[in-house]
Amino acid sequence: MPRDDVGDTPPERTAHDRWEVARPLGGTSLDGVRMAGFRDRTGSGLDMRVLPQPAVIVVIGLGPDPVTVESAQGHRPLDGLVASLSPGPARIHGEGVECVEVALSPPAAYTLLGVSPLELDGSITGLDDLWGRHARLLREQLADTASWQERLTLTDDFLRRRAEGAPPMAVEVAAAWDAIVAGRGQVRIDDLATSCGWSRKRLWARFSAQVGLTPKRAAMLVRFDHAARALLAGERAGHVAAACGYADQPHLHRDVQALAGCTPGALAGLTTSNET
């Protein structure tokens with residue numbers, strides 16, 4: 001579950017000192033969906049801070065023991081979880097972790113999750129709370145399958161079935177999200193509204209309902225994601241602030257504190273193997 005692994009497209013199977021990572025050959029069948037299988041090769045305990053990122057993260061646990069989510073809502077053991085775009089300060093603890101992790105873009109999440117994104121904002125939700133018996137059946141199928149490629153294919157098939165007949169995100173909202181991502185979060189909301197032919201008020205309402213964040217908050221999140229990756233890679237905060245479009249270093253500090261619950265210096269000191 002290293003943060004910098006999800007969504008990359010190296011060979012089918014890679015190994016870190018700690019994590020075995022498997023990715024689907026040929027990618028996935030749905031746009032905006034990325035997935036990987038993870039297994040803790042060392043068996044050591046997991047203690048991982050959850051960082052916001054511009055994707056909804058679905059984790060399907062395969063091991064015999066649940067992971068424990070520690071957040072403002074308390075401690076909760078979960079066999080599977082869904083982390084919203086901005087889940088708030090949280091940590092995940094676990095032993096012998098083995099799972100399939102799926103990253104969903106907001107348009108894919110809107111179609112596949114089956115709930116309004118507004119219900120997920122600021123939280124980490126149990127997967128069974130969203131998908132009920134379907135989540136339990138999928139978890140049982142994956143646990144009974146030894147091959148990572150078969151597991152990833154089963155997950156892809158499951159998501160494809162959920163997409164059949166599900167409502168798509170409004171074209172204008174999806175285009176606004178794509179523009180925010182393409183601009184690395186450095187966009188003007190008025191320009192987004194003009195480009196889709198809506199008023200600022202209408203864009204704000206429709207975008208918030210279908211993405212789960214306001215356009216301004218979404219831009220802040222995308223900008224933060226680029227900054228967080230740069231800080232984790234060892235770049236200096238002053239350089240990151242300038243490169244990622246912050247007004248100054250204090251602006252970067254405020255955003256990192258608001259989204260990650262720590263300072264840029266503290267974030268830079270974290271290892272990617274302990275983040276998701």
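Here a biologist asks a modeller about the fold and the cavities of this predicted model.

Biologist: Let's start with the basics: how many helices and strands does the protein chain have?

Modeller: Both kinds of element turn up in this chain. Going through it, you'd count ten helices and eleven strands.

Biologist: And why is the chain called as compact as a globular protein of its length?

Modeller: Start with the globule rule, which gives 19 Å for 276 residues. The chain's own radius of gyration is close to that, so it is as compact as a globular protein of that length; the value is 18 Å. If you'd like a box around the C-alpha atoms, taken along the principal axes, it's roughly 50 × 45 × 40 Å.

Biologist: What share of the residues counts as buried?

Modeller: To count here, a residue needs under 20% relative accessible area. Out of the 276 residues of the chain, the buried share is 49%.

Biologist: Of the contacts between residues at least 6 apart in sequence, what share joins residues at least 24 apart?

Modeller: Contact here means heavy atoms within 4.5 Å. Take the contacts in the chain between residues at least 6 apart, then pick those joining residues at least 24 apart: that's 70%.

Biologist: What about the outside: how much of the accessible surface belongs to carbon and sulfur atoms?

Modeller: The accessible surface of the chain comes to about 12200 Å². Of that, the part belonging to carbon and sulfur atoms is 50%.

Biologist: Now the inside. How many cavities of 30 Å³ or more are there, and what volume does the largest have?

Modeller: With 30 Å³ as the cut-off, the structure holds four cavities. The largest of them has a volume of about 110 Å³.

Biologist: Which residues lie nearest the centre of that largest cavity, and which element gives the most to its lining?

Modeller: The lining has 16 residues, and nearest the centre are Gly61, Leu62, Asp65, Val67 and Glu98. Strands E5 (56-61), E8 (80-83) and E10 (98-104) each give two or more residues to it. With three residues, the top contributor is E5.

Biologist: How does that lining divide by residue type?

Modeller: Three of its residues are charged and four are polar. The rest of the division is nonpolar, and that number is nine.

Biologist: Last one: which helix gives the most to the lining of the second largest cavity?

Modeller: That cavity holds about 90 Å³ of space. It's lined by 13 residues, with Val56, Leu85, Pro117, Val211 and Gly212 closest to its centre. This lining divides into ten nonpolar, two polar and one charged. Giving three residues, the most of any element, is helix H1 (residues 106-112).

Notes:
Residues numbered from 1 in each chain as written. Predicted model: local features only at pLDDT ≥ 70, side-chain atom pairs only at ≥ 80, totals over all residues. Heavy atoms only, no water. 1 Å grid on protein atoms, 1.4 Å probe; cavity = no way out; pocket = protein on both sides within 12 Å on 5 of 7 lines; lining within 4 Å. Points joined across faces, edges and corners; volume = space filled by probe spheres on them. Helix = DSSP H or I, 4+ residues; strand = E, 2+ residues; numbered from the N terminus. Nonpolar A, V, L, I, M, F, W, Y, C, P; charged D, E, K, R; others polar. Rg over C-alpha atoms; globule rule 2.2 N^0.38 Å. Buried < 20%, exposed > 50% of the residue type's maximum accessible area, 1.4 Å probe, protein only. Areas by Shrake-Rupley, 256 points an atom, 1.4 Å probe, with all protein chains shown as cover.
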